[in-house]
Amino acid sequence: MRSATSSSKTLTLTPTPTLTLTLTLPLGALGSFKLEEAFPDINPNYYGFFVDPFDPHRVWFTSRSTGTHTGPLLGKPPTGKKVVLPPQQFHLDFAPDGLLREIGFYTVDRRQGNTGGLGGAFGYFYGTGNPL
């Protein structure tokens with residue numbers, strides 16, 4: 001892996017000088033939760049990208065997501081709380097033809113953050129006092 005960059009919605013990987021992959025990550029994939037409206041400053045803080053040395057079709061990276069609850073969340077009013085999720089390890093699995101076939105993630109250290117150890121959408125709800 002030569003380089004990797006990210007923003008809140010995209011991930012750009014440059015594994016070789018001649019190949020660049022730009023992916024739109026599924027922050028909005030949870031549709032009806034509307035996390036980006038409830039947390040307009042949501043930031044996944046991706047870092048530590050690397051190709052798995054035992055599986056060249058898998059890329060790993062870590063996230064330490066944050067956001068401030070300033071919009072309604074499933075009909076609940078904003079709390080103004082800053083939510084800090086625990087570190088989460090992500091993987092992207094690619095088929096031999098280069099198409100993305102799976103995105104997975106796991107909470108790494110449940111003692112970090114203020115979401116009761118919960119990651120993903122569950123962390124945002126718990127962190128605002130609205131556990132699912």
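What follows is a short question-and-answer tour of a predicted model.

Q: Where do I start, and what pattern of helices and strands does the protein chain follow?
A: Start with the order of the elements. The protein chain has 2 helices and 9 strands, and along the sequence they run β-β-β-α-β-β-β-β-β-β-α.

Q: How many of the 132 residues count as buried, as a percentage?
A: The figure is 39% of the 132 residues. On the outside, the chain exposes about 7400 Å², with 56% of that supplied by carbon and sulfur atoms.

Q: What share of the contacts comes from residues 24 or more positions apart?
A: Take the contacts with a separation of 6 or more: residues 24 or more positions apart account for 46% of them. For a pair you can find on screen, try Asp93 and Trp60, which are 33 residues apart in sequence but 9.0 Å apart in space, C-alpha to C-alpha. Another is Val51 with His91, where 40 residues along the chain go with a C-alpha separation of 9.5 Å. Val51 itself is in strand 4, residues 46–51, and is partly exposed at 27% relative accessible area.

Q: Which residues make up the largest nonpolar core?
A: The general idea is to look for buried nonpolar residues joined through side-chain atoms. Here the largest such core has 10 residues: Leu35, Ala38, Phe39, Ile42, Leu73, Val83, Leu85, Ala121, Tyr124 and Phe125. Helix 1 (35–38) and helix 2 are the elements that give two or more residues to this core, and helix 2 gives the most, with 3. There's also a second, separate core of 7 residues, including Tyr46, Val59, Phe61 and Leu92.

Q: Why is helix 2 described as largely enclosed by the rest of the structure?
A: Count its buried residues, taking buried as under 20% relative accessible area. In helix 2 that's 6 of the 8 residues, so the helix is largely enclosed by the rest of the structure. The buried ones are Gly120, Ala121, Gly123, Tyr124, Phe125 and Gly127. They pack against helix 1, strand 6 (66–68), strand 7 (82–84), strand 8 and strand 9 (100–107).

Q: Is Tyr126 buried or partly exposed?
A: Tyr126 sits in helix 2, residues 120–127, and is partly exposed, at 40% relative accessible area. Tyr126 also belongs to a nonpolar surface patch with Leu74, Leu118, Phe122 and Leu132, and together they have about 500 Å² of accessible area.

Q: How do I read a single polar residue, and which side chain does Asp93 meet in a polar contact?
A: Go through location, burial and partners. Asp93 lies in strand 8, residues 88–94, and counts as buried because its relative accessible area is 3%. The side chains of Asp93 and His91 are joined by a polar contact of 3.2 Å. Leaving aside neighbours within four places in sequence, Asp93 is also in contact with His57, Arg58, Leu99, Leu100, Arg101 and Glu102.

Q: Let me try that with Thr62. Where is its place, and which residues does Thr62 touch?
A: Thr62 is in strand 5, residues 58–63, and at 12% relative accessibility counts as buried. A polar contact of 3.1 Å joins its side chain to that of Gln89. Not counting residues up to four places away in sequence, Thr62 touches Asn45, Tyr46, Tyr47, Pro87, Gln88 and Gln89.

Q: What should I make of phi, and what value does Asn45 have?
A: Most residues other than glycine have a negative phi. Asn45 has a positive one, near 50 degrees. Asn45 lies in the loop between helix 1 and strand 4 and is partly exposed, at 30% relative accessibility.

Q: Where is Leu74, and what is its phi?
A: Leu74 is in the loop between strand 6 and strand 7. Its phi is positive, about 50 degrees, although Leu74 is not a glycine. With 46% relative accessibility, Leu74 counts as partly exposed.

Q: And which glycine follows helix 2?
A: That's Gly129, with a positive phi near 80 degrees.

Terms used. Residues numbered from 1 in each chain as written. Predicted model: local features only at pLDDT ≥ 70, side-chain atom pairs only at ≥ 80, totals over all residues. Heavy atoms only, no water. Helix = DSSP H or I, 4+ residues; strand = E, 2+ residues; numbered from the N terminus. Buried < 20%, exposed > 50% of the residue type's maximum accessible area, 1.4 Å probe, protein only. Contact = heavy atoms within 4.5 Å. Polar contact = N/O pair within 3.5 Å; in protein donor to acceptor, adjacent residues only side chain to side chain. Patch = residues over 30% accessible without salt bridge, like charges linked within 9 Å, V, L, I, M, F, W, Y side chains within 5 Å. Areas by Shrake-Rupley, 256 points an atom, 1.4 Å probe, with all protein chains shown as cover. Salt bridge = Lys/Arg side-chain N within 4 Å of Asp/Glu carboxyl O. Core = buried A, V, L, I, M, F, W, Y, C linked by side-chain atoms within 4.5 Å.
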